[in-house]
Amino acid sequence: MSLLARSAEDPADNRAYLLNNGTARRYHSAVTESVTRISAKIAATAQPFTGITVDGLTPTVSGVDLDSPLHDAAAALDELEEVYLRDAVYFHHPRYLAHLNCPVVIPALVGEAVLSAVNSSLDTWDQSAGGTLIERRLIDWTAERIGLGEAADGIFTSGGSQSNLQAMLLARDEACRRELSREGSPVGARLTDVLPRLRILTSECGHFSIRKSATLLGMGAEAVITVPSDDTKRMRTDALAAELARCQSDGLIPMAVVATAGTTDFGSIDPLPEIAGLCAGYGAWMHVDAAYGCGLLVSRRRALLTGIERADSVTVDYHKSFFQPVSSSAILVRDRATLRHVTYHADYLNPRRMVEQRIPNQVDKSIQTTRRFDALKLWLTLRIMGAQAVGELFDEVIDRAADAWKLLHDDPRFEVVVEPQLSTLVFRYVPSTDQDPDLSDRVNLHAREALFASGAAIVAGTVVDGRHYLKFTLLNPETTLEDIATVLDLIAEHAGGFLAEQPRPALSAR
Ligand SMILES: *Cc1c(COP(=O)(O)O)cnc(C)c1O
């Protein structure tokens with residue numbers, strides 16, 4: 001019989017789809033079949049992408065009748081080949097060079113299989129038991145790597161955006177609490193009086209989720225002050241000092257400074273020790289967004305993060321530089337007491353008395369309720385391969401980026417923005433004959449799109465000083481310098497083809 005087929009038109013057979021002691025063998029064969037297929041698929045992917053278009057794929061997905069089940073896992077997996085697997089974007093391919101997506105380590109995939117089958121929910125002890133303790137160990141482990149001290153704590157989140165949101169929430173509520181309890185604060189002053197005076201300072205290369213957080217937290221995107229970066233794309237601390245002083249003289253409250261340890265575009269690391277000093281001086285919460293740079297915690301380049309130990313909160317995305325599958329992220333805080341700003345007690349779930357009984361309910365520290373046991377993936381990664389191996393993989397891609405920078409720097413076809421601290425390269429093709437900046441924009445946009453449409457490689461794009469650039473984000477140690485050289489040749493070919501089709505500029509009569 002086919003996999004997971006229903007044996008008869010008997011409603012009792014529906015129960016055969018539930019995983020339990022009676023169906024464990026069905027589960028085993030169905031999942032084994034899916035793993036067999038996906039491993040064959042991964043072994044055979046010759047390109048990161050097929051180049052399918054939205055219009056090309058939409059009819060296939062739309063054509064599936066969701067109200068006519070196949071009653072057969074093998075048939076559904078056959079169909080999945082058409083609607084998804086054939087045209088998916090494969091991050092493990094060495095010529096996937098676009099966004100901050102890593103190839104994933106196998107120990108974490110073992111964790112993924114376990115965690116979804118057991119399906120613990122990490123909101124309370126009574127839904128997870130050991131899961132809660134494992135998560136807490138990993139939070140402690142990470143906080144110790146950062147150097148946050150004895151009172152540190154934190155929680156796993158769905159990603160860097162959520163970690164940043166929670167950090168800004170804690171910073172906001174700490175600033176409000178302090179402001180309202182300050183001597184000389186007007187009698188009867190309320191939260192709503194304080195909110196409009198709060199400001200968040202971050203560099204122009206900071207992540208957009210900070211602005212989004214400010215909006216979600218009722219402060220408005222205008223509450224974010226953008227601090228300029230220097231020509232290595234690191235926050236200018238003289239400008240930060242000036243903005244902090246201006247806040248003070250304008251009666252505003254600099255509630256948080258967000259330093260980025262690995263900006264999304266450039267991988268640049270803001271000067272953490274100087275920023276920590278300024279935060280201490282102005283009583284501002286220091287948040288370090290290390291969504292990308294967190295891999296340095298286990299690398300031989302750990303010193304690049306010096307100063308992070310002075311942060312009030314830190315965002316880490318294990319699903320970026322720890323080679324974990326999406327999602328796996330955490331927020332760490334220096335003072336566990338600050339997590340009380342997200343603590344709410346529900347009679348049915350985590351009543352107050354459980355705190356006295358010392359029952360660890362992770363929901364007390366989270367903005368989510370039901371929550372995946374993502375921590376298990378990191379646990380098995382550390383238990384099987386170890387932190388040092390993870391760090392060595394990250395170091396390899398940083399080394400590769402340094403070599404690729406030399407390649408780009410010496411190649412007259414391209415211009416590269418900054419020498420990388422981590423593993424991104426922002427560059428553009430420069431048309432040799434023409435100085436028209438708009439043409440250069442169009443060439444680079446075209447080259448990126450044409451490459452994507454070919455599926456041979458995928459690169460990202462970004463805007464620097466109003467101009468369009470291309471971006472490599474290297475996170476795959478399997479990507480060789482030769483791969484990078486080949487992709488540069490492909491970009492140059494697409495760019496050259498585009499230029500050849502442009503009408504020649506009329507010769508100006510001089
Ligand atoms: C990726 C990234 C984020 C957002 O993280 P998600 O996991 O995508 O939500 C935040 N900050 C920085 C610096 C990032 O690179």
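This report describes the domains, sheets, helix contacts and unusual backbone sites of one protein structure.

The structure is a predicted model, and its description begins with the division of the protein into domain 1, which covers residues 120–381, and domain 2, which covers residues 388–500. The centres of domain 1 and domain 2, taken over C-alpha atoms, are separated by 32 Å. Where the two parts meet, 25 residues of domain 1 are in contact with 20 residues of domain 2.

**The seven-stranded sheet**

Seven strands form an open sheet with mixed pairing, and their order across the sheet is 2-8-7-6-5-3-4. At the edges of this sheet stand strand 2 (153–157) and strand 4 (224–227), each of which pairs on one side only. From one strand to the next, the twist averages 20 degrees. Strand 2 and strand 8 (residues 329–333) run antiparallel and are joined by five bridges, and among the residues paired in this way, Ile-155 has Ile-331 of strand 8 as its bridge partner. Helix 8 (residues 208–216) lies across strand 3 (198–203), strand 4 and strand 5 (253–260), and its direction makes about 160 degrees with that of strand 4.

**The five-stranded sheet**

Another open sheet is built from five strands in the order 1-11-12-10-9, and its pairing is also mixed. Strand 1 (96–97) and strand 9 (414–416) each have a single partner strand, so one side of each is left without a neighbour in the sheet. Within this sheet, strand 11 (residues 458–464) and strand 12 (residues 467–473) pair in the antiparallel sense over five bridges, with Val-464 standing opposite Arg-467 of strand 12.

Two helices can be described together with this sheet. Helix 15 (residues 437–454) lies across strand 10 (424–429), strand 11 and strand 12, and runs at about 35 degrees to strand 12. Helix 16 (residues 481–500) packs on the sheet as well, where it touches strand 1, strand 9, strand 10, strand 11 and strand 12, and its direction makes about 30 degrees with that of strand 10.

**Contacts between helices**

The table sets out the axis distances and crossing angles for three pairs of helices.

| Helix pair | Axes come within | Crossing angle |
|---|---|---|
| Helix 1 (residues 24–44) and helix 3 (residues 73–83) | 11 Å | roughly 25 degrees |
| Helix 9 (residues 237–249) and helix 10 (residues 272–282) | 10 Å | roughly 10 degrees |
| Helix 5 (residues 130–146) and helix 13 | 9 Å | roughly 65 degrees |

Helix 1 and helix 3 cross at roughly 25 degrees and are therefore roughly parallel to each other, and their crossing is right-handed. The contact involves Glu-33, Ser-34, Arg-37 and Lys-41 on helix 1, together with Ala-74, Leu-77, Asp-78 and Glu-81 on helix 3. By class, the residues of the contact of helix 1 with helix 3 comprise two nonpolar, one polar and five charged.

Helix 9 and helix 10, with their crossing angle of roughly 10 degrees, are likewise roughly parallel to each other. Here Thr-237, Leu-240, Ala-241, Leu-244, Ala-245 and Gln-248 of helix 9 meet Glu-274, Ile-275, Leu-278 and Tyr-282 of helix 10, and the residues of this contact are divided into seven nonpolar, two polar and one charged.

Helix 5 and helix 13 cross at roughly 65 degrees, which makes helix 5 roughly perpendicular to helix 13, and helix 5 passes helix 13 in a left-handed crossing. On the side of helix 5 the contact consists of Ile-134, Glu-135, Arg-137, Leu-138 and Trp-141, and these meet Ala-375, Leu-378, Trp-379 and Leu-382 in helix 13. The residues of the contact of helix 5 with helix 13 divide into seven nonpolar and two charged, with no polar residue among them.

**Two backbone sites in loops**

The peptide bond from Val-326 to Ser-327 is cis, with omega near -5 degrees, and Ser-327 itself lies in the loop between helix 11 (318–321) and strand 8. That loop leads to strand 8, the strand that five bridges join to strand 2. The other site is Arg-358, which has a positive phi of about 55 degrees although it is not a glycine. Arg-358 is placed in the loop between helix 12 (353–356) and helix 13 (375–384).

Definitions and conventions:
Residues are numbered from 1 along each chain as its sequence is written. This is a predicted model: local features need pLDDT of at least 70, side-chain atom pairs count only at pLDDT 80 or more; totals for chains, interfaces and linings use all residues. Side-chain values use heavy atoms; hydrogens and water are left out. Axes are lines fitted to C-alpha atoms, for helices over the stretch in contact, and angles run from 0 to 180 degrees between N-to-C directions. Helices (H or I, at least four residues) and strands (E, at least two) are DSSP runs, numbered from the N terminus. Angles under 35 degrees count as roughly parallel, over 145 as roughly antiparallel, 65 to 115 as roughly perpendicular and the rest as oblique. A crossing is left-handed if the near helix is turned anticlockwise from the far one by less than a right angle, and right-handed if clockwise. Contact means heavy atoms within 4.5 Å. Ala, Val, Leu, Ile, Met, Phe, Trp, Tyr, Cys and Pro count as nonpolar, Asp, Glu, Lys and Arg as charged, and the others, Gly among them, as polar. Two strands pair if DSSP finds at least two bridges between them. Domain bounds come from an automatic or database domain assignment.
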